[in-house]
Amino acid sequence: MTNSPVPTQGILTGISVGPGDPELITLKGLGLLKTAPVVAFPAGVGGKPGIAEQIVAGWLHPDAIKLALSFPYVRDEETLTRAWELAAEEVWQILENGRDVAFVCEGDVSFYSTFTYLAQTLQKKHPEAIVETVPGVCSPMAAVAALGVPLTIRDQKLAVIPALYNVIELESALNWADVVVLMKVSSVYQQVWEILKQKNLLDRSYVVERATLPTQTIYKGLGDRPLIQLSYFSLMIIKVINN
Ligand SMILES: C[S@@+](CC[C@H](N)C(=O)[O-])C[C@H]1O[C@@H](n2cnc3c(N)ncnc32)[C@H](O)[C@@H]1O
């Protein structure tokens, strides 16, 4: 009687695929992507492919299995935890059968990324799971490149606000930071505009929408733009100190 060999456990690798332009994937990430047997990504909304899936579409091995994982766009902790647990279990079943999983995420996988929740949930449930990450270009860096300005220089202090749920947070950041980055600005643009107007900062504020994609749009000098319909993939850079 022969025992079938126990497969070596696979590795979950979070691969940063950059802000949109597929050429901004790192060589290391690309090498792994091209050979990954299973490529997972956050599922798109309304049957459309998600942004990470679109970014890597041209690079995958033809035989790669694509695994769309559902992460609902809600703030309810219970719903989110359930989704992360389900996703982590799906991934674990593949890993324990000896196959590697590459999880691709837009921007950098360690910067406000779904990957972190997936990896943490997986390691909580299965402490033996092996997780690695490949860093990449995050959206604020892509935005400043599009604007042709540095993000920070000399001793400037930088604040990054991931999502604005109250205006006090922004006011406080404007008091101590020299440069403020507002992620997920689309839903709060109007309130932010009012604060920047009061502080006389509209001329030093920029919005970059869909940085590095063919549809990239730049808004410089927001004085005459109290309203802009922005996509979710937009961020604002406020140069509190003029330079
Ligand atoms: C959940 S965060 C993900 C950040 C991502 N991991 C990164 O490294 O940039 C989503 C937010 O990132 C910003 N973002 C991501 N990609 C962008 C792009 N191409 N252009 C402008 N903003 C972007 C937007 O503010 C969006 O609401």
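**Close-up 1. Salt bridges and polar contacts between domain 1 and domain 2.** Between domain 1 and domain 2 there are zero salt bridges, a salt bridge being a side-chain nitrogen of Lys or Arg within 4 Å of a carboxyl oxygen of Asp or Glu. This is a predicted model, in which local features need pLDDT of at least 70, side-chain atom pairs count only at pLDDT 80 or more, and totals for chains, interfaces and linings use all residues. Residues are numbered from 1 along each chain as its sequence is written, and side-chain values use heavy atoms, with hydrogens and water left out. Two residue pairs do make polar contact across this interface, both at pLDDT 80 or more. Here a polar contact is a pair of N or O atoms within 3.5 Å; within protein, one must be able to donate a hydrogen and the other to accept it, and residues adjacent in sequence count only if both atoms are side-chain atoms.

**Close-up 2. The two domains and the area they bury.** Meet domain 1 (11–134) and domain 2 (139–239), with bounds that come from an automatic or database domain assignment. Their centres, taken over C-alpha atoms, are 28 Å apart. To the contact (heavy atoms within 4.5 Å), domain 1 gives 10 residues and domain 2 gives 12 residues. Together the domains bury about 910 Å², with 74% of it on carbon and sulfur atoms; buried area is the accessible area (1.4 Å probe) that two parts lose on being put together, summed over both. Of the area that domain 1 buries against domain 2, 45% comes from Pro19, Phe111 and Tyr112, more than from any other three residues.

**Close-up 3. The shell around the ligand.** Now look at the 17 residues around the ligand, where Glu106, Asp108, Phe111, Ser139 and Ser234 come nearest; a residue is near if one of its heavy atoms lies within 4 Å. Domain 1 and domain 2 each supply at least three residues of this shell. By class, the shell holds 10 nonpolar, three polar and four charged residues. Ala, Val, Leu, Ile, Met, Phe, Trp, Tyr, Cys and Pro count as nonpolar, Asp, Glu, Lys and Arg as charged, and the others, Gly among them, as polar.

**Close-up 4. Backbone atoms beside the ligand.** A polar backbone atom of phenylalanine 111 sits 2.7 Å from a nitrogen atom of the ligand. For proline 19, a polar backbone atom is 2.9 Å from a ligand nitrogen atom. At tyrosine 232, a backbone N or O atom is 2.8 Å from an oxygen atom of the ligand.
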